[in-house]
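The following exercises are to be worked through with the sequence and the coordinates at hand. Each task is followed by a solution in steps.

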Amino acid sequence: MSMPSRLPEPYGQGGGANLADILERVLDKGIVIAGDIRINLLDIELLTIKLRLIVASVDKAKEMGIDWWEDDPALSTRARRDALSRENAELRERLARLEELEPRRARQNRENTPQDVREESP
């Protein structure tokens, strides 16, 4: 007399959800875990750790208003280019202001230099 084998039922049968179904639901609905850890000593911030975990499709994350990765220069080449462009524009503006000041300083130096020192210079 043989006994029937008692093997477990394959996944996906019997109404149980398999991993693909669970992942599809999570990506469709989205899961966000966020947290910040700050360590202060006498109102001086010593350490800040920002943790962000998103398990969602990109479309769902944007729909939820989560798109911080697009503006973070560490994660987005577009944001990095934008930051570099802003820095470049600021440096050009500072250089232009310095170049405007330089002729005035040179003129002031000539006016403040005594006549006998000007005649000795080459």
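The exercises below concern a predicted model.

**Exercise 1. Fold and confidence**

Task: Determine how many helices and strands the protein has and in what pattern they follow along the sequence, then state where confidence is lowest and where it is highest.

Solution.
1. The secondary structure of the protein consists of four helices and two strands.
2. Along the sequence these elements are arranged as α-β-β-α-α-α.
3. The mean pLDDT of the protein is 76, and 75% of the residues reach a score of at least 70.
4. Confidence is lowest in helix α4 (residues 115-120), with a mean of 54, and highest in β2, with 85.

**Exercise 2. Burial, surface and contacts**

Task: State what percentage of the residues count as buried, and describe the accessible surface and the contacts of the protein.

Solution.
1. The protein has 122 residues, of which 6% count as buried; the cut-off for this class is a relative accessible area under 20%.
2. The accessible surface amounts to about 11,300 Å², and carbon and sulfur atoms contribute 54% of that area.
3. Among contacts with a separation of 6 or more, 22% join residues 24 or more positions apart.

**Exercise 3. The hairpin and its turn**

Task: Establish in which sense β1 and β2 pair, and characterise the residues L42 and D43 by their phi values.

Solution.
1. β1 and β2 pair in the antiparallel sense, over eleven bridges.
2. Within this pairing, A34 is placed opposite R52 of β2.
3. The two strands form a hairpin, with two residues between them.
4. L42 lies in the loop between β1 and β2. Its phi is near 55 degrees, a positive value in a residue other than glycine.
5. D43 is located in the loop between β1 and β2. Although D43 is not a glycine, its phi is positive, at about 65 degrees.
6. Are these loop residues buried or exposed? L42 has a relative accessibility of 77% and therefore counts as exposed. D43, at 80%, counts as exposed. The cut-off applied in this step is over 50%.

**Exercise 4. The nonpolar surface patch**

Task: Identify which residues make the nonpolar surface patch, and find which element supplies the largest share of the patch.

Solution.
1. The patch is made by I37, I39, L41, L42, I44, L46, L47, I49 and L51, and covers about 860 Å².
2. β1 (31-41) and β2 (44-55) each contribute at least two of the patch residues.
3. The largest share, five residues, is supplied by β2.
4. L41, one of the patch residues, belongs to strand β1.
5. L42, also listed in the patch, lies instead in the loop between β1 and β2.

**Exercise 5. Salt bridges**

Task: State how many salt bridges a search of the whole structure finds. For the pairs D36 with R52, E63 with K60 and D82 with R78, give the distance between the closest N and O atoms, the place in the chain and the exposure where available.

Solution.
1. The search of the whole structure finds five salt bridges.
2. D36 and R52 form a salt bridge in which the closest N and O atoms are 2.8 Å apart. This pair links distant parts of the chain, with D36 in strand β1 and R52 in strand β2, 16 residues apart.
3. D36 has a relative accessibility of 40% and so counts as partly exposed. R52, at 38%, counts as partly exposed.
4. E63 and K60 form a salt bridge with the closest N and O atoms 3.2 Å apart. Both residues lie in helix α2 (residues 58-63), three residues apart, about one turn of the helix.
5. With a relative accessible area of 61%, E63 is exposed.
6. D82 and R78 form a salt bridge with the closest N and O atoms 3.7 Å apart.
7. D82 and R78 are separated by about one helical turn, because they are four residues apart in helix α3 (residues 77-112).
8. D82 is partly exposed, at a relative accessible area of 34%, and R78 is partly exposed, at 37%.

Terms used. Residues are numbered from 1 along each chain as its sequence is written. This is a predicted model: local features need pLDDT of at least 70, side-chain atom pairs count only at pLDDT 80 or more; totals for chains, interfaces and linings use all residues. Side-chain values use heavy atoms; hydrogens and water are left out. Patches are made of residues with over 30% relative accessible area and no salt bridge: like charges are joined within 9 Å, nonpolar side chains (Val, Leu, Ile, Met, Phe, Trp, Tyr) within 5 Å. Accessible areas come from the Shrake-Rupley method with a 1.4 Å probe; for residues, only the protein chains shown count as cover. A salt bridge is a side-chain nitrogen of Lys or Arg within 4 Å of a carboxyl oxygen of Asp or Glu. Buried means under 20% relative accessible area, exposed over 50%, partly exposed in between (1.4 Å probe, protein chains only). Contact means heavy atoms within 4.5 Å. pLDDT is the predictor's confidence in each residue, from 0 to 100. Two strands pair if DSSP finds at least two bridges between them.
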